[in-house]
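Biologist: I would like to learn how to read a model like this one, feature by feature. Could we go through it together, with the general idea first and the particular case after it?

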Amino acid sequence: MQRGTTGTYTATAVAGETVRAFVPAPLPPTPAIELTGARQRLLERALLACGRLDAITALLPEPDLFLYAYVRREAVLSSQIEGTQSSLSDLLMFELDQAPGVPFDDVTEVSNYVAALEHGLARLREGFPLCNRLLREIHARLLASGRGATKQPGEFRTSQNWLGGTRPGNAQFVPPPPQEVEPCMGALERYLHAPDAPGALVKAALAHVQFETIHPFLDGNGRVGRLLIALILHHDGVLRQPLLYLSLYFKQHRAEYYRQLDAVRHTGDWESWLDFFLEGVEQTATGAMDTAHRLLALFQQDAVRVSTLGRSAANALHLFDALRRRPVATIGMLAQQTGVSFATAARHVEALVQLRILRELTQKSRERVFAYQGLLDILNEGAQA
């Protein structure tokens, strides 16, 4: 289907240069996206995979445990796309109390991402609408500290930005001028709640491209744009627990991802983008189901190993349960969480180290940090910086 460019170009002055900024047309695309044949079957497979993931998470004995781990994994991956070098272990150590030795700027950004995502989800559960005000609140938390703290946290930009290139004149893409940001974002908000809007997956696919094209903030657009996908799927009831995040898929197919965004803007090829997006949803949902099954199997296997510790097995299992919920911890934390003395917790930790369930992350005589390595290994797949 031939559409041509999906917006208009307008001349704008930036840093002494006149450049052509792109203003996207409001959604939905005209003519409408063709949802027939192979594309319809792909949409059905993606929806089925989401349904299976939702059913599995509904049956999990401790869904909050998986949500805790997945949110942090997503924070690491989404931030890595923007150039941070933090690992999941770095983030979990930082959350212990800003553990020394962790790259501070990078891990601060990742920690802010966790706070932003959790704030967005909490607001939706309160019944707050998915709207521009919520996106600004999320952005404020995302840039609350660290390198982005001076980039107008929580506010749409009032100056021109650009993507790629060393200056506006040779940029790969120039988003709308600042005076067009509010109207463009207002149109996007109306689309999200339009009575004739498409199903949640198609809506999320289109809204993500539109948001990235508008690039309404001075910094953090990529991260907020990826969060928007998860928020739409949760808000529209596709997933009761927000466990579907496409950052790993976008990271693995980074060149194709950017090529698809450009193709939508320049040629109106929404169909190819939608195919790419739906394939990612199916793969990601299937991968999340596999990860959930593997984590359950790991917990069951390791619980059997802990139960061989004789008279101390019951207390050791209690400590093991605490590690499933927070896989990086100090002995003091574990003692407090399980209600035993420091010396007792230390003995149990040593026993779990001997079983090779735990691994020490620090080499210190005090405030030693230990990790449930099997859990981290599964979550770290694809998340290495």
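Biologist: Let me begin with a detail of the backbone: where does proline 31 lie?

Modeller: Please keep in mind throughout that this is a predicted model. Proline 31 lies in the loop between strand 2 and helix 1, and the bond that joins threonine 30 to proline 31 is a cis peptide bond, with omega about -10°. Proline 28 is also found in the loop between strand 2 and helix 1, where a cis peptide bond with omega of about 5° joins leucine 27 and proline 28.

Biologist: What is the general background for reading such backbone angles, and which phi value does histidine 215 take?

Modeller: Most peptide bonds are trans, and most residues other than glycine have a negative phi. Histidine 215 has a positive phi, near 50°, and its place is in the loop between helix 7 (200–214) and helix 8. With a relative accessibility of 13%, histidine 215 counts as buried, because the cut-off for that word is under 20%. Glutamine 152 also has a positive phi, near 55°, and is found in the loop between helix 5 (132–142) and helix 6 (178–192); at a relative accessible area of 24%, glutamine 152 is partly exposed.

Biologist: How should I read the strands at the start of the chain, and how many bridges pair strand 1 with strand 2?

Modeller: For a pair of strands, one looks at the sense of the pairing, the bridges and the turn between them. Strand 1 (residues 7–14) and strand 2 (residues 17–24) pair in the antiparallel sense over 8 bridges, and threonine 12 stands opposite valine 19 in strand 2. Their hairpin has 2 residues between the strands, and alanine 15 takes a positive phi near 50° there.

Biologist: Turning to the interior, which residues have the most contacts inside the largest nonpolar core?

Modeller: In soluble globular proteins, nonpolar side chains tend to be buried together. Here the largest nonpolar core has 118 residues, and Phe250, Trp273 and Phe277 have the most contacts inside it. Helix 11 (residues 270–306) gives the largest share of this core, 15 residues. Because domain 1 (7–290) and domain 2 (309–380) both contribute residues, this core lies between them. Phenylalanine 277, setting aside residues up to four places away in sequence, touches Leu201, Ala204, Ala205, Ile229 and Leu246. Another core, of 5 residues, lies apart from the largest one and includes Val19, Ala21, Ala171 and Val174.

Biologist: How far apart are the centres of domain 1 and domain 2?

Modeller: Taken over C-alpha atoms, the centres of domain 1 and domain 2 are separated by 36 Å, and the contact takes 10 residues from domain 1 and 14 residues from domain 2.

Biologist: How do I set a database record beside the model, and which residues does UniProt list for "binding site"?

Modeller: A record should be kept distinct from the geometry, and then the two can be compared. The unreviewed UniProt entry lists Glu82, His215, Asp219, Gly220, Asn221, Gly222, Arg223, Val224, Gly225, Arg226, Tyr257 and Tyr258. From this set, the lining of the largest pocket takes in Glu82, His215, Asp219, Gly220, Asn221, Gly222, Arg223, Arg226, Tyr257 and Tyr258. The unreviewed entry also carries the annotation "domain: Fido" for residues 130–279, a stretch that is 57% helix and 0% strand in the model, with its end C-alpha atoms 25 Å apart.

Biologist: Are valine 224 and glycine 225 buried or exposed?

Modeller: Valine 224 is buried, at a relative accessible area of 1%, and glycine 225 counts as buried at 0% relative accessibility. Valine 224 is found in helix 8 (residues 221–235), and glycine 225 has its place in helix 8 as well. Leaving aside neighbours within four places in sequence, valine 224 is in contact with Leu135, His139, Leu142, Phe211 and Phe217, while glycine 225 is in contact with His208, Phe211 and Glu212.

Biologist: As a last exercise, what does leucine 117 touch, not counting residues up to four places away in sequence?

Modeller: Leucine 117, which lies in helix 4, touches Val71, Leu227 and Tyr245 on that count, and it is buried, with a relative accessible area of 1%.

Key
Residues are numbered from 1 along each chain as its sequence is written. This is a predicted model: local features need pLDDT of at least 70, side-chain atom pairs count only at pLDDT 80 or more; totals for chains, interfaces and linings use all residues. Side-chain values use heavy atoms; hydrogens and water are left out. A nonpolar core is a set of buried Ala, Val, Leu, Ile, Met, Phe, Trp, Tyr and Cys residues joined through side-chain atoms within 4.5 Å. Buried means under 20% relative accessible area, exposed over 50%, partly exposed in between (1.4 Å probe, protein chains only). Helices (H or I, at least four residues) and strands (E, at least two) are DSSP runs, numbered from the N terminus. Domain bounds come from an automatic or database domain assignment. Contact means heavy atoms within 4.5 Å. UniProt positions are given in the numbering used here, feature names are shortened, and annotations may be inferred rather than shown by experiment. On a 1 Å grid over the protein atoms alone, a cavity is a set of points where a 1.4 Å probe fits but cannot get out, and a pocket is an open set with protein on both sides within 12 Å along at least five of seven lines; lining residues have an atom within 4 Å of a point. Two strands pair if DSSP finds at least two bridges between them.
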